[in-house]
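Reader: I'm new to reading structures and get lost when I look at everything at once. Could you pick one part, go through it slowly, and then show me how other parts can be read in a similar way?

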Amino acid sequence: MIDISTYRTRIGCFNNRKVGWGKKLVTGYIPQSFNYDYVRGMGSTEQVLYYISCILFGYFYFVFLSIIVSLSTVVSPNGLYSCLGSLGGSVHSMPFESSLSVSFLCTFYIRVSYFCLASNVLLRHICSLKLLFSSRKRSEKFLKFLIASLSLLNFLLIGFCNPSMLNPGPNSLSVSFQNVQGLIPFSQLGKSQPKLDQTKIFELNAYLNTKKPDILVLNETWLNKSVKDGEVIGNHEYDVYRNDRSEVTHPADPSNPKKFRKFGGGVLIAVRSSIDASLKRLCMRRGAEILAVELTVGINKYVFCTVYRVGNLGETNHQSIVDSIKSMYDGRNLRKVFIIGDLNLSSINWPQTENTQENIDRIDQLFVDSFSELGLHQCVMEPTHVKGRTLDIVLTNFRTLVSEVKVDKFENICKSDHFPVSFKVNVSTKNKKASKRKIYNFKRASWDRLNDDLGRVPWDGLIDCTDPEVAWKNFKTVLFALVDKHIPKITVKNDFDAPWFDAECYEAYRSKERAHKRFKLDSSLANDLKRNSTRSHFKHVCNKKMRDNLYNSDDPALITKKFWAHVKSKSKNHRLPECMSLNGIFRNSPLDKANLFNSYFFDQFSGASNYDISIDWTDDSLFDIDFDALEIKGLLSDMNSNKACGPDGIHGKILKQCAVSLAHPLSMLFRLSYNCGSLPKDWRVANVVPVHKKGSKDNIENYRPISLTSLVMKTFEKILKKEKSTDCDSALIPLL
């Protein structure tokens, strides 16, 4: 007698191999938890067909539901929620992209869950499916085709119903606002050249680099004309519009001069330049600190306006603000207006009810009445000040376009007694594609390990006694393989981000924000000290990074280069015009312009010289050069690592940091190339950059070429120049 497990093993229920008595009854793997009651209960193939038919019917029912819900949401953005509301639920309307995303995700996850459940059921009846798939009936073959097409249909539905495909590009513009309570210290207000509050400037730029809002609105900037936009917002990706305080925007009241403060105030709007839309600054009425920017997307016009009002100003200021807002309504097409700012309506409690309309200031009530007449709706219903008052507003004449209004009490743009307000405007826009490129992240390079690996490479077998071109290719292949191993690469999306804001600055910024959040939750002395210390540490790190970005011991002229790079970035003129000409030939595509430059620069070179001079090669040993590895190491160590690399792609930092380990293979390469009288191709070509000399930039004849050659070749040339200059010094006759 044998036990049941041995018997099942012999008849082949748990494996595919032939055992014991030769034949296996079932093919395919069957789990050990397989229950034979299912096989006995299924009985015939007809019952299996019945199960599969039920599964297919249920799946296609959810597919049909997914299509209906998605299409109904496209036709009516709030159709799904109105249907739910009609069933007895109190459901608020949601914006277009939110309702579409919710409907798509819900039905998609239902389909996926149902498909997984059906697959589990089918796997549990694998024995009966074996009988089904071995059949040759036409109806069963058709059923096989339906089962195989389920996954393909699911992916097609994802493509048809995906909101990102229905609405390409970002579906909303993110807007951030805060009354920053001055970007310069209070003690610097009266000075013609005030110093900026560096901590607030660092916090502002860190917020832009991390959150990346599409539109940034600031009140109470306290700036004047002497402060440039680039000093406030270092990120060149933003177009900055300002309206600093002056007698025009904030006139004095002769009857009460105490109401007038000559310095302070000021408003600012920064718009991300990558948004594919036209921008225009609107003219506003005198007598109010107000600024408006019009954003045109297709045929729709969106006006983003910011207003700052001192709380003790009277009816004259009120009338100026109302007249400025009314001017935005002029025109044939109705503009979509969004007014953000600090109006200091301290006696108004939002939302307004009958119980909150008592003890309202007369001027505040005038503003509320004017907003009602203009069809403007307040979107902020929470306190925006540390004292629990709603002083900041977000007004719009299209309330359905505003979503995700948030008053963040834990994370500030800058240190202030006002909380930042963020919201989204449901606008379907496109972003201009930024060129992406991969570069080496030298800050995280492991130079010691790279030098160790380079020192273990058998360079003699790779370079010696071979053709210079082959030896150079072997050298580059090994070098780049080890460089890629020990130096990570990062993808640079654009050149607009602040170069000094790196991972260390980001971590210091996040630590500061976490300490600030803990202080808001628990205002203890320990949390207050921690908040101040992290804020000071963040300022110290940013200052250090900015200094390192401007000063470098390897390149004393770096600060001059940074200055001219900043000037060029702020210039509205492109380095190369869109259309350029040469001898009456006009070209506008980058490739055609490059060919015109190449043709013109080639014509400037003279032909090859032919010198009929007899050369005596009998004593060739006089021309031998000893390419010493120590000398090459010194040249590489003294190299300016910020120099642009040539066509070979070998960066100066790699040659400088690996001077010890690369000196020996480069000495072999130089000796081989010199003795053979042949140079590798990378040493003979250059990247040519056209530089404008004078005259019109449209004419190619007004440019001169700058050649960027290989840094390795430059090192080779320095050795040759030194050796030949020494040999020729004795033969040269000095000029008297």
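**Strands, helices and rings up close**

Author: Let's start with strand S9, which is joined to strand S10 (residues 392–396) by two bridges, the two strands running antiparallel. Keep in mind that this is a predicted model. You can find one contact of this pairing yourself: look for Gln 378, then look across to Leu 395, its bridge partner in S10.

Now zoom out a bit. S9 and S10 belong to an open sheet of six strands, ordered S5-S6-S7-S8-S10-S9, with mixed pairing. Strand S5 (278–282) and strand S9 (377–378) stand at the edges; each has a single partner strand, so one side of each has no neighbour in the sheet.

Try another strand, S12 (residues 421–425). Its residues split into two faces: Val 421, Phe 423 and Val 425 are on the covered one, while Ser 422 and Lys 424 are on the uncovered one. S12 pairs with strand S1 (residues 173–179) through five bridges, running antiparallel, and Leu 173 has Val 425 as its bridge partner there. Strand S11 (residues 402–407) also pairs with S12, again in the antiparallel sense, over four bridges. In that pairing, Val 407 is matched with Val 421. So Val 421 and Val 425 turn up twice in this picture: both sit on the covered face, and each is a bridge partner, Val 421 for Val 407 and Val 425 for Leu 173.

On to a helix. H16 (residues 468–486) has 19 residues, which should span 27 Å at 1.5 Å a residue, and this agrees with its end C-alpha atoms being 27 Å apart. At the N-terminal end, Asp 467 acts as a cap, with a side-chain oxygen 3.0 Å from the backbone nitrogen of Glu 469. Buried residues in H16 include Ala 471, Trp 472, Phe 475, Val 478, Leu 479 and Leu 482. Here's a handy rule for reading such a list: an α-helix has 3.6 residues a turn, so residues three or four places apart point the same way.

Two of those buried residues, Trp 472 and Phe 475, lead us to the rings. They're part of a cluster linked by ring pairs, together with Trp 459, Phe 627, Phe 670, Tyr 674, Trp 683 and Phe 716. Across the whole structure, a search finds 18 aromatic pairs. Take Tyr 440 and Phe 442: their ring centres are 6.0 Å apart and their planes are at 45 degrees, so the pair is tilted. Both are buried, Tyr 440 at 16% relative accessibility and Phe 442 at 17%. Tyr 509 and Phe 538 make a tilted pair too, because their planes are at 55 degrees, with the ring centres 5.8 Å apart. That pair links distant parts of the chain, with Tyr 509 in helix H17 (residues 503–521) and Phe 538 in helix H18 (residues 525–550), 29 residues apart. Tyr 509 is buried at 0% relative accessibility, and Phe 538 is buried with a relative accessible area of 0%.

Rings can have charged company as well. The charged end of Arg 531 sits over the ring of Phe 519, 4.0 Å from its centre. Likewise, Lys 336 has its charged end over the ring of Phe 398, 5.0 Å from the centre.

Last stop, the cysteines. What does a search for disulfides find in the whole structure? It finds zero. Cys 579 is partly exposed, with 37% relative accessible area, whereas Cys 658 is buried at 0%.

Definitions and conventions: Residues numbered from 1 in each chain as written. Predicted model: local features only at pLDDT ≥ 70, side-chain atom pairs only at ≥ 80, totals over all residues. Heavy atoms only, no water. Disulfide = S-S within 2.5 Å. Buried < 20%, exposed > 50% of the residue type's maximum accessible area, 1.4 Å probe, protein only. Phe/Tyr/Trp six-rings, centres within 6.5 Å; stacked < 30°, edge-to-face > 60°. Lys NZ or Arg CZ within 6 Å of the ring centre and 35° of its normal. Pairing = 2+ DSSP bridges. Expected span 1.5 Å × (residues − 1). Polar contact = N/O pair within 3.5 Å; in protein donor to acceptor, adjacent residues only side chain to side chain.
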